[in-house]
Amino acid sequence: MGKPFAPNANTQLYGIIGKPVRHSLSPVMHNAAFSETGINAVYLAFETDDCEGACSSMKCLGIKGYSVTIPNKEGIISCLDEPDEAVRKIGACNTVKNDNGVLLGTNTDCLGAVAAIEKEGVELEGKEAVVLGAGGSARAIVYGLVTKGVKVTVCNRTFEKAERLAKEFKCYAAPLSEAEDLHAHILVNTTSVGMGDMKDQSPLSKKAVENYDIVMDIVYSPLETVLLKDAKALGKRVINGLSMLLFQAMAQFEYWTGVRAPEKTMRKALEHANG
Ligand code: ATR
């Protein structure tokens with residue numbers, strides 16, 4: 001064990017703003033990263049849905065950066081001075097940086113998804129992917145994949161939502177039921193099937209999972225969803241929900257500090273906190 005961190009008058013402050021926020025795994029990851037890289041900073045959880053208040057506090061107190069989570073990812077945008085292209089296209093911001101009083105915003109969820117897949121040694125350009133779901137998470141992931149040159153098909157229970165998303169990001173749409181007959185390199189589940197009351201269910205039959213090489217689930221509780229269990233049993237490469245969480249946090253850390261994020265340390269902190 002190293003010496004416990006002692007904040008002083010130069011300690012910089014970062015945090016996550018959301019409501020609820022007490023379950024967040026972001027503080028342990030970022031504090032571990034600050035400690036490992038020797039950056040004099042702390043990262044706290046702020047339970048609030050007041051985006052304007054959080055942003056004026058940021059400017060007033062010199063808070064360096066925010067992670068932004070539910071329900072603030074959309075509401076924060078109008079409080080930013082400079083939302084980047086990812087924020088404008090996705091319509092959601094999960095990262096704010098205070099650049100000498102100018103609030104910059106980006107979205108690292110899209111980078112996190114892409115990085116989690118690339119980590120498997122996959123060259124994304126020209127590949128095909130099926131994304132299940134058409135909610136907020138799907139928007140970020142579809143944007144990330146399309147930007148990398150992936151041909152994406154969005155499948156959703158409510159077909160109209162898939163159609164809208166596909167039109168916006170110039171990809172394809174299908175009803176969720178048709179996902180059973182599709183084939184692609186990559187499958188990404190962004191629906192809530194596999195968690196909570198639906199933890200014993202999968203969004204796709206095991207037979208259909210056979211049609212993919214890599215299967216990713218953004219659900220991280222449980223860590224091994226039925227979908228990932230099926231995929232593993234079929235010998236597929238699987239990416240669990242903690243990976244995207246880790247890689248989006250690493251991208252935040254780098255956006256804020258310009259320092260390479262310590263992957264091993266952050267992963268260890270995340271896995272330890274997740275039990
Ligand atoms: P997030 O921000 O995590 O993407 P969301 O915006 O609430 O969450 O989106 C949830 C996604 O899970 C939606 O695509 C939803 O499908 P609908 O658009 O048809 O509602 C999908 N979903 C939730 N429950 C589902 C179920 N039982 N079967 C299939 N899809 C489901």
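**Exercise 1.** In this predicted model, classify Phe46 and Tyr66 as buried, partly exposed or exposed, and describe how their rings are arranged.

*Solution.*
1. Phe46 has a relative accessible area of 26%. Buried means under 20% and exposed means over 50%, so Phe46 is partly exposed.
2. Tyr66 has a relative accessibility of 2% and therefore counts as buried.
3. The ring centres of Phe46 and Tyr66 are 6.4 Å apart, with the planes at 80 degrees. Planes over 60 degrees apart count as edge-to-face, so this pair is edge-to-face.
4. Phe46 belongs to strand 2 and Tyr66 to strand 3 (residues 65-68); the pair links distant parts of the chain, 20 residues apart.

**Exercise 2.** State how many aromatic pairs the structure holds, then work out the geometry of Tyr43 and Trp256.

*Solution.*
1. There are six aromatic pairs.
2. For Tyr43 and Trp256, the ring centres lie 6.1 Å apart and the planes meet at 45 degrees, so the pair is tilted.
3. Tyr43 is in strand 2 (residues 41-47) and Trp256 in helix 9 (residues 241-257), so the pair ties together parts 213 residues apart in sequence.
4. Tyr43 and Trp256 are both buried.
5. Ring pairs join Tyr43 and Trp256 with Tyr14, Phe34 and Phe253 in a cluster.

**Exercise 3.** Locate Thr108 and describe its surroundings.

*Solution.*
1. Thr108 is found in the loop between strand 6 (102-106) and helix 4 (109-118).
2. Its relative accessibility is 1%, so Thr108 counts as buried.
3. Beyond neighbours within four places in sequence, Thr108 contacts Asn94, Thr95, Gln248, Ala251 and Gln252.

Technical notes. Residues numbered from 1 in each chain as written. Predicted model: local features only at pLDDT ≥ 70, side-chain atom pairs only at ≥ 80, totals over all residues. Heavy atoms only, no water. Helix = DSSP H or I, 4+ residues; strand = E, 2+ residues; numbered from the N terminus. Buried < 20%, exposed > 50% of the residue type's maximum accessible area, 1.4 Å probe, protein only. Contact = heavy atoms within 4.5 Å. Phe/Tyr/Trp six-rings, centres within 6.5 Å; stacked < 30°, edge-to-face > 60°.
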